[in-house]
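The following exercises concern packing and empty space in a protein model. Please examine the sequence and the structure before working through the solutions.

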Amino acid sequence: MTLELSLNQQPAHARQGSSIGQPLTRRDGFLKVTGAARYAADNHPPGMLYAVLAVSSIARGRVAALDIEAAKAHQGVVEVMTPKNRPALAADPDAKDHPFMFRLDLLQNDQVRYPNQSIAVVIAETLEAATEGAALLSPRYEVLPARVGLDGAESFVPRGVGVGGPAVQHKGDVEAGLKSAKTRIEATYETPAQYHNAMEPHAIVVAWDGDTLSIDTPSQGLAMAQGRIAGLFGIAPENVHIRSPFLGGGFGSKGMISGPQVLGILAARLVGRPVKLVLRREQMYGPVGHRAPTRQTLRMGMDGEGRLTALDHHAKTASSTFDDFFEPAADASHTLYASPAIATSHDAVRLDTGTPLFMRAPGEATGSIALESAIDEAAHACGMDPLEFRLRNYAEVEPMTGKPFSSKALRECYRQAAETFGWASRPLQPRLMRDADGFLTGWGMGTATFPALMFQAEARAVLRADGSGLMETGAQDMGQGAWTAFAQIAADGLGLDIDQVDFRAGSSDLPNAGIAGGSGHTATAGMAIHNAGAAVIARLADLATGNEASPLFGAGNEGVLARGGHLYRRDDESRGESYAEILKRAGLTEIEGHGKGAPDPASQETYAKHAHGAVFAEVKVDPDFGQIRVTRLVGAFAAGRVINPRLVRSQYYGGMIWGVSFALHEEAITDRRSGRIQNANLAEYHVPVNADVPSVEALLVHEDDPHVNALGIKGVGEIGITGTAGAVANAVWHATGVRPRRFPIRIEDLLGEEWSA
Ligand code: MOS
């Protein structure tokens with residue numbers, strides 16, 4: 001197998017010393033902008049057929065009839081896969097062995113559980129023939145009424161939310177706290193269903209060779225995908241070879257293998273030839289996850305000094321009728337603001353929808369927009385500046401657990417972002433600022449926070465006789481720049497210049513790098529890389545310090561340091577020798593070392609670990625038409641050690657733009673009669689285009705958190721959304737005097753009674 005990307009090619013920057021901390025450009029950037037990067041759907045193995053899904057146009061019921069004959073009679077159509085002829089599976093796709101095994105629709109029967117569910121697969125010689133064949137199936141349905149909306153079914157308290165956290169949690173007495181308060185607010189906010197809409201649709205190119213599978217498909221978690229596929233087909237995981245060198249975005253929708261991807265594998269099995277299956281955009285609105293809608297009610301009480309006496313955050317959400325994923329929106333109130341009493345609770349309904357899943361900052365994004373709006377409302381109810389109010393309620397320890405956490409850094413984020421933005425000149429009251437064109441101008445802020453998570457990963461390091469190095473881990477780059485950042489960690493771990501290190505990733509044949517999700521990939525796989533480097537250097541040091549012919553003889557493993565392809569004595573850096581000399585004398589062509597990355601349980605027990613930030617937003621609102629434009633965003637973020645400031649800043653920009661998207665653009669609209677999504681396309685499902693993106697500035701605040709991991713790495717992928725969405729909403733209030741209650745904020749929500757008042 002040849003990997004498309006090796007980090008030996010075209011070193012963009014010559015540099016000396018530490019690779020970590022350098023603003024290197026993306027090593028895959030050249031391949032991407034020249035079109036040389038091969039994405040999954042770009043593969044065409046010999047003899048390949050095209051598979052196209054036929055999907056349900058109803059939300060609930062059963063498929064009564066399909067015109068399979070018509071489809072099969074169409075020129076070029078090779079086969080139609082339905083529940084009747086679908087190859088057998090070794091495991092029930094409705095089985096759930098653990099909470100992260102999500103149920104898949106793999107043509108197990110004629111039931112329809114949500115719109116856009118797969119009901120057949122047409123396989124043909126050309127994409128056109130397969131597409132036309134799928135249209136000829138003309139399904140007839142027995143339709144049942146769709147259960148739609150947060151009031152569309154009976155609510156219940158789920159057993160767990162998010163990754164299995166309790167649905168209901170509290171500390172202190174919230175009711176007593178509210179009663180004793182001088183000022184109280186209560187507010188309800190609604191957030192819509194959102195869909196990931198990664199630029200690259202889910203795609204799979206698959207070839208069977210006996211019991212061995214060769215797969216090209218985008219995946220945020222190769223080992224998990226490999227395990228799930230192996231289980232479904234009853235084959236050994238090592239017989240499943242998945243290549244995922246490039247992902248055109250994932251945002252959580254490629255975290256676990258989806259039903260359509262497995263249908264591609266089944267189709268190849270059925271016809272005995274390689275098959276390509278690519279989802280059309282509208283087919284991504286159902287079987288690959290989404291962000292669940294929420295309705296959140298916050299109650300806050302404040303004393304005479306503006307200190308919180310109670311914080312109550314309730315979130316209602318929705319899941320599918322057949323699986324469990326519950327957006328942990330209220331948990332956002334666990335980690336930010338100090339209050340003697342905090343209560344969070346969730347309830348949910350089951351709707352005729354695809355199962356919601358993790359989507360960029362799951363829980364924090366939805367919860368934070370409500371929490372930050374409510375905090376803003378509370379500040380103004382107390383007659384206080386929202387920044388002053390946040391500092392008054394600053395948490396020195398994690399509010400819900402009382403665990404110590406890195407609190408200094410957030411103060412610095414507030415200070416730097418406020419100063420850069422010019423917050424001090426903001427009038428307290430709304431509707432007081434207009435620009436030269438007469439547009440209502442408003443300034444708002446939000447606090448950003450996201451947990452510093454780690455999962456499990458492994459890496460393998462090799463030093464070769466020519467003095468070069470190799471680092472391997474099955475990591476994924478979904479656009480965030482992971483391959484570049486990991487190569488930087490690898491170079492430092494091996495004591496080599498980055499162009500002397502061959503860094504390989506993106507394949508399930510490499511050591512398990514865990515999941516590129518939860519903003520934990522750099523910390524987790526990065527620590528595995530770091531430790532693999534240390535392991536191979538330790539072996540090299542053994543070879544040198546144990547050999548009388550080496551100038552390092554007797555220095556001991558601890559007594560040497562690795563730098564620039566040499567080992568040196570710590571006590572006398574004039575004494576050293578090159579990796580190549582050490583290996584040559586030992587008669588070895590290469591040596592290897594292995595490393596793991598994982599959270600430290602003792603430290604997890606003792607410390608709370610979060611990244612923090614503060615975001616300030618300026619909006620301008622047309623006084624006649626209510627049209628909202630974000631004109632300026634300034635964010636400051638503290639997220640531990642920065643591996644590559646250029647890539648980190650870019651991650652913050654992406655998050656902040658997503659925050660604008662959450663506040664003003666994104667919404668999947670469900671037809672209440674049919675249960676179908678009406679805007680399942682990128683024309684009507686709005687995401688920000690360049691014209692919607694304001695001036696965005698992201699400040700990198702230095703933070704040294706010794707408790708997260710040896711490298712001090714936290715995540716940067718998701719945090720940018722969390723402060724920004726609320727900041728935009730609060731700026732809209734400050735411009736107009738109208739408090740946004742549902743998202744995205746609509747013109748018609750502004751043009752109410754308060755508007756003309
Ligand atoms: Mo994500 S929702 O951490 O891929």
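**Exercise 1.** Determine which residues L633 touches, not counting residues up to four places away in sequence.

Solution. The model is predicted: local features need pLDDT of at least 70, side-chain atom pairs count only at pLDDT 80 or more, and totals for chains, interfaces and linings use all residues. Residues are numbered from 1 along each chain as its sequence is written, and side-chain values use heavy atoms, with hydrogens and water left out.
- Apply the contact criterion, heavy atoms within 4.5 Å.
- The partners of L633 are V615, F616, A617, M656, V660, P694, S695, V696, E697, T724 and V728.

**Exercise 2.** Place L633 in the largest nonpolar core.

Solution.
- A nonpolar core joins buried (under 20% relative accessible area, 1.4 Å probe, protein chains only) Ala, Val, Leu, Ile, Met, Phe, Trp, Tyr and Cys residues through side-chain atoms within 4.5 Å.
- The largest core has 81 residues, of which M300, V619, L633 and V728 touch the most other members.
- Helix α15 (residues 719–736; helices are DSSP runs of H or I, at least four residues) contributes the most to this core, with nine residues.
- Another core, of 46 residues, lies apart from it and includes W483 and Y579.

**Exercise 3.** Identify the residues that line the largest cavity.

Solution.
- A cavity is a set of points on a 1 Å grid over the protein atoms alone where a 1.4 Å probe fits but cannot get out; lining residues have an atom within 4 Å of a point.
- The lining consists of Y195, H196, N197, M284, Y285, V288 and G289.
- Four of the lining residues are nonpolar, three are polar and none is charged.

Methods
Buried < 20%, exposed > 50% of the residue type's maximum accessible area, 1.4 Å probe, protein only. Helix = DSSP H or I, 4+ residues; strand = E, 2+ residues; numbered from the N terminus. 1 Å grid on protein atoms, 1.4 Å probe; cavity = no way out; pocket = protein on both sides within 12 Å on 5 of 7 lines; lining within 4 Å. Nonpolar A, V, L, I, M, F, W, Y, C, P; charged D, E, K, R; others polar.
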